[in-house]
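The exercises that follow ask you to read a model step by step, with a worked solution after each task. Please look over the sequence and the structure before you begin.

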Amino acid sequence: MIDAVNYWWEVDGVRDDLTDPRTSSSEIVQEFLPSSRVVKAFNHMGYHDLDTGARPAGAVGRRAIAVAGDARKDVAAVAAVVDALGFDPVFAVPLAEGVRMQPGTDLFGATTDAAEVRRLLEHFPASTAGKALLAARRAAQRGRARPPSSAATATAGRRARSGPRDRPVPPAHGGSSCAASPGAADRGCS
Ligand SMILES: NC(=O)c1ccc[n+]([C@@H]2O[C@H](COP(=O)([O-])OP(=O)(O)OC[C@H]3O[C@@H](n4cnc5c(N)ncnc54)[C@H](OP(=O)(O)O)[C@@H]3O)[C@@H](O)[C@H]2O)c1
């Protein structure tokens, strides 16, 4: 299942689960669809650019779409869709790394080539959005997260049913994030 959604509070309303720094929106989608294999793609580019920005493979300045997923074959399958639709896929595995392309990140809204998409993914921990996320995750890990509201409690309940979801804080550099070229999966990134 290709997840292109973005949490947009003006439309969706303020939701504690979708603002929980420990979880990307795609992980919430995956949790909601347990029998599906979710891959995040197409979310960071607006529909006008998706419509008019397609170019043949190898074209100079071909724009790129970041692809995040947990299973190598699923990421490869979605990358093939991205390529077939006229864009260069750039891997940002695992699915949790979808935070690097959510609204508020430097990549969100970018319509640029693979090198720049890769750079933006790798730069995320040093970006304003990345620093804020890392700080929030550290605070949450230290148990200094905000008091649970009803929505947060519901999220915690879902987590309790599906097992622990806490993840290590992402590295402060892009090196081990596997934000990399389409060959990343072949290098064991997924
Ligand atoms: N627009 C873009 O440029 C763009 C680009 C990339 C990603 N995205 C993301 O893609 C998603 C959809 O964007 P969009 O522009 O296609 O929005 P949209 O035109 O408003 O379409 C939203 C769709 O979701 C359905 N929907 C809303 N609430 C629902 C619910 N509770 N249960 C079931 N279906 C529901 C709506 O159904 P009804 O028609 O019946 O109301 C509608 O078909 C968003 O998360 C957006 O951030 C958008």
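**Exercise 1: the sides of a helix**

In this predicted model, the buried residues of helix α6 are G130, L133 and R137. Work out how they are placed around the helix axis, and which exposed residues the face turned away from the buried side carries.

Solution. Begin with the arc: G130, L133 and R137 cover only 65° around the axis, and therefore they lie on the same side of α6. Next, turn to the face directed away from that buried side, where the exposed residues T128, A132, A135 and R138 are found. Then consider the length of α6, which comprises residues 128–141, 14 residues in total; from its first C-alpha to its last it reaches 20 Å, close to the 20 Å expected at 1.5 Å a residue. Finally, step past the end of the helix, where α6 is followed by G143, a residue with a positive phi near 75°.

**Exercise 2: a second helix**

Find the buried residues of helix α5, which spans residues 114–123, and decide how they are arranged.

Solution. The buried residues of α5 are V117, R118, L120 and L121. Viewed down the axis of α5, they fall within an arc of 160°, so they line one face of the helix.

**Exercise 3: backbone exceptions**

Examine the backbone at F42 and at the bond from V93 to P94, and describe what stands out.

Solution. Start from the general expectation that most residues other than glycine have a negative phi, and that most peptide bonds are trans. F42, although not a glycine, has a positive phi of about 70°, and its place is in the loop between β2 (39–41) and α3 (47–52). F42 counts as buried because it has 21 C-beta neighbours inside 10 Å. The peptide bond from V93 to P94 is cis, with omega near 0°, and P94 belongs to the loop between β4 (88–92) and α5.

**Exercise 4: the ligand shell**

Which residues surround the ligand, and how do they divide into nonpolar, polar and charged?

Solution. The ligand is surrounded by A4, V5, N6, W8, F42, N43, G46 and Y47. Sorting this shell gives five nonpolar residues, three polar and no charged.

**Exercise 5: confidence and the whole chain**

Judge how confident the prediction is, and then describe the order of helices and strands.

Solution. The chain averages a pLDDT of 81, and 75% of the residues score at least 70. Over residues 150–190, however, the pLDDT is below 50. The chain has seven helices and five strands, which follow the pattern β-α-α-β-α-β-α-β-α-α-α-β along the sequence.

How values were computed:
Residues are numbered from 1 along each chain as its sequence is written. This is a predicted model: local features need pLDDT of at least 70, side-chain atom pairs count only at pLDDT 80 or more; totals for chains, interfaces and linings use all residues. A residue is near a molecule or strand if its C-beta atom, placed from the backbone, lies within 6 Å of it. Ala, Val, Leu, Ile, Met, Phe, Trp, Tyr, Cys and Pro count as nonpolar, Asp, Glu, Lys and Arg as charged, and the others, Gly among them, as polar. pLDDT is the predictor's confidence in each residue, from 0 to 100. Two residues are in contact if their C-beta atoms, placed from the backbone, lie within 7 Å. Helices (H or I, at least four residues) and strands (E, at least two) are DSSP runs, numbered from the N terminus. The expected span of a helix is 1.5 Å times one less than its number of residues. A residue is buried if 20 or more other C-beta atoms lie within 10 Å of its own, exposed if 12 or fewer, and partly exposed in between; C-beta atoms are placed from the backbone. The arc is that of the directions from the helix axis to the C-beta atoms.
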